[in-house]
Amino acid sequence: MPPPSSHAVDWLEIAVQVAGIDAEAVADTFRPHCAGGVAIELATHPQGDEDVVDGDAPALVKGYLPPGADSARVRRSLRLALRFAPLESPPRWRRARRLREERWRDSWKRYFKPQRIGERLLVKPSWAKYEVKAGDAVIEIDPGMAFGTGQHPTTAMCLRALETRLRPGEAVLDLGAGTGILAIAAARLGAGRVLALDIDPQAVNAARENAVANGVQGVVEVREGTLPEGARGRRFDLILANISGLTIERLTASLADALTGTGTLIVSGFIGDAVEALSGALAAAGFMVDRVEAEGVWRAITATRAGRA
């Protein structure tokens, strides 16, 4: 997010309600146009003492336009883009509203709360106070232009699988890194080295800043690119890819080449209908599917190469 300003300014918040399954794709459409950031507000329901994300419920995607932006043109472009997008249900636009600088910043704080994931991982924004327990692996991520705060079910499933499968000292690849949350989590959990790749320059910048903010820049290298060129022939013990199922299918051979002979692959970013085809593509590339995790409509697959102990 941009640094605080000493001058009072107005930001324009534009928002659209979409099916939960469409939220990430719609946010991707917003990001090139919304210099003030893009927020995905997911529905939750109480479970014990915590609120749990309901991945099947509608979501609200919010974009923030800075002062001086041609807001009318941006809104026309976004409406046109979503009109022809293959969405699960028609988008429902909310009335745009103007926010003072302070309310713009507070709008992030209302929807992004500290979240425990798995046994050790604690994901929190920098402004939040939260009790840290012995052994916690704390990740501080402030929401902004790039996706990935741990709230989305696909990110949470990847984090849980990472915590279970990562061994200390292993080399990790985070493909489609976004904010770098998975790369930072790998470093916090004991990875020896981590390469984070993303094709979006804004995401690359965000991931680099977050690695520095979390003090893991010595372990996490962030680079613009994808497989196979981005890895430059390096091989990894564990690969994380929270991207679309079609992209994963297209990259199965490259993922296999980048993984050590006993390595683990953790992929997410797709719904249940894609599991069969994706599992077949992984098998054809020499993987064995160990586990399919479900959260709402979303799925994550953990697969291994032969010989994993």
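The legends below describe four views of a predicted model.

**View 1. The whole chain of the predicted model, with its helices and strands.** The chain holds nine helices and 17 strands, and buried residues account for 51% of its 309 residues. Among the contacts between residues at least 6 apart in sequence, 68% join residues that are at least 24 apart.

**View 2. The largest pocket and the residues that line it.** The space in the largest pocket comes to about 1100 Å³. Its lining is formed by 43 residues, and those closest to the centre of the pocket are E24, D28, N242, I243 and S244. By kind, the lining residues of the largest pocket divide into 22 that are nonpolar, 11 that are polar and 10 that are charged. Several elements each supply at least two residues of this lining: the helices α1 (23-30), α5 (181-188) and α7 (245-250), together with the strands β11 (171-175), β12 (193-198) and β15 (259-271). Helix α7 gives the most to the lining of the largest pocket, with five residues.

**View 3. Helix α6, with its buried and exposed residues.** Helix α6 runs over residues 201-213, and its 13 residues reach 18 Å from the first C-alpha to the last, which is close to the 18 Å expected at 1.5 Å a residue. Its buried residues are A203, V204, A206, A207, N210 and A211. Seen down the axis of α6, these buried residues fall within an arc of 165°, and therefore they line one face of the helix. In general, an α-helix has 3.6 residues a turn, so residues three or four places apart point the same way. The buried residues of α6 pack against α5, β12 and β13 (220-224), whereas on the other side of the helix E209, V212 and A213 are exposed. Helix α6 is followed by G215, a residue whose phi is positive, near 70°.

**View 4. A256 in helix α8 and the residues in contact with it.** The residue A256 has its place in helix α8, which covers residues 252-258. A256 counts as buried because its relative accessibility is 8%, and the limit for a buried residue is under 20%. When its neighbours within four places in sequence are left aside, A256 is in contact with A285, F287 and R305. The C-alpha atoms of A256 and R305 are separated by 8.2 Å, although the two residues are 49 residues apart along the chain.

Notes
Residues are numbered from 1 along each chain as its sequence is written. This is a predicted model: local features need pLDDT of at least 70, side-chain atom pairs count only at pLDDT 80 or more; totals for chains, interfaces and linings use all residues. Side-chain values use heavy atoms; hydrogens and water are left out. On a 1 Å grid over the protein atoms alone, a cavity is a set of points where a 1.4 Å probe fits but cannot get out, and a pocket is an open set with protein on both sides within 12 Å along at least five of seven lines; lining residues have an atom within 4 Å of a point. Grid points are joined across faces, edges and corners, and a volume is the space filled by probe spheres set on the points. Helices (H or I, at least four residues) and strands (E, at least two) are DSSP runs, numbered from the N terminus. Ala, Val, Leu, Ile, Met, Phe, Trp, Tyr, Cys and Pro count as nonpolar, Asp, Glu, Lys and Arg as charged, and the others, Gly among them, as polar. The expected span of a helix is 1.5 Å times one less than its number of residues. Buried means under 20% relative accessible area, exposed over 50%, partly exposed in between (1.4 Å probe, protein chains only). The arc is that of the directions from the helix axis to the C-beta atoms. Contact means heavy atoms within 4.5 Å.
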